[in-house]
Amino acid sequence: MKKNIFLALDYNSLEQALNVTKKIKEEIAGIKIGTELYTICGNEGLKKFKDLGVEIFLDLKLHDIPNQVKKTVAAISSLNSVKYLTIHTSGNYEMLKAASESAGLIQLLGVTVLTSQSDLKGVGIKNSVEEQIRILVNLALRANISGVIASANDISLIRSLSKKLQIFCPGIRSGDNKQDQKRVMSYSNFSKIADDKCFAVIGRPIIEGDPVQNIKKIIQSAQ
């Protein structure tokens, strides 16, 4: 079975994050480092994860003026540690294009609509979630972005727009415990619709409790 899980290291401790990664690195496609852990571990921490031989997905969700994003992406690319980096597709085409031009070997992932959002009216967007995703995915395609971040519920919609985009899906949950997510899907159902360019991003369902047993159960649920 193809490894298609990226472990979201939702820790504020580099030591804890490294220990869990060591325990289950053979079961996963890579790790996701968000703003909290990156603030603590910095670039030296990224190197420690790279030394473990895991692919690193740095989730910074960049959103700024084009020149600033371009310089930030170039700086991260120069570290030679990160494979994937997130930017907000809502930052517009000019920002996405600037990021793409300075990405080097990094593969950029454009955030579409967060899985914690089921209604965009609260931020002044009149489009439905589906309409907004369609607009943002098309922006990512125009700017030559490698992939997108989206709910697993949006895979079919995104595949109708592109067969080549990588799709990273947070909000993979089991049972009724959605936590702060709204547009969720079980790993079992995700596996039924995911192709070889789709990845599940899973954090708390793995790291809360026994990570080794948790990931085994998650993987077995799809078999």
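What percentage of the 223 residues in the chain is buried?

## The chain as a whole

Buried residues account for 51% of the 223 residues. Keep in mind as you browse that this is a predicted model. Its secondary structure comprises 9 helices and 8 strands.

For the surface, the chain exposes about 10700 Å², with carbon and sulfur atoms supplying 47% of that area. Turning to contacts with a separation of 6 or more, 66% of them join residues 24 or more positions apart.

## The barrel

Let's follow the strands next. In the order 1-2-3-4-5-6-7-8, 8 strands close into a barrel with parallel pairing. From one strand to the next, the twist averages 25 degrees.

One pair to look at is strand 4 (residues 84-88) with strand 5 (residues 107-111), which run parallel and share 5 bridges. Within this pair, Leu85 has Leu108 of strand 5 as its bridge partner. Helix 4 (residues 93-101) packs on the sheet, where it touches strand 3, strand 4 and strand 5. The direction of helix 4 makes about 160 degrees with that of strand 4.

Helix 2 (residues 35-51) lies across strand 2 and strand 3 (55-62). Relative to strand 3, helix 2 runs at about 150 degrees.

## A lysine in strand 2

Now for a single residue: Lys32 sits in strand 2, which spans residues 30-33. Its relative accessible area is 12%, which is under the 20% cut-off, so Lys32 counts as buried.

Leaving aside residues up to four places away in sequence, Lys32 touches Leu7, Ala8, Leu9, Asp10, Phe57, Asp59 and Val201.

Notes:
Residues numbered from 1 in each chain as written. Predicted model: local features only at pLDDT ≥ 70, side-chain atom pairs only at ≥ 80, totals over all residues. Heavy atoms only, no water. Helix = DSSP H or I, 4+ residues; strand = E, 2+ residues; numbered from the N terminus. Buried < 20%, exposed > 50% of the residue type's maximum accessible area, 1.4 Å probe, protein only. Contact = heavy atoms within 4.5 Å. Areas by Shrake-Rupley, 256 points an atom, 1.4 Å probe, with all protein chains shown as cover. Pairing = 2+ DSSP bridges. Axes fitted to C-alpha atoms, helices over the stretch in contact; angles between N-to-C directions.
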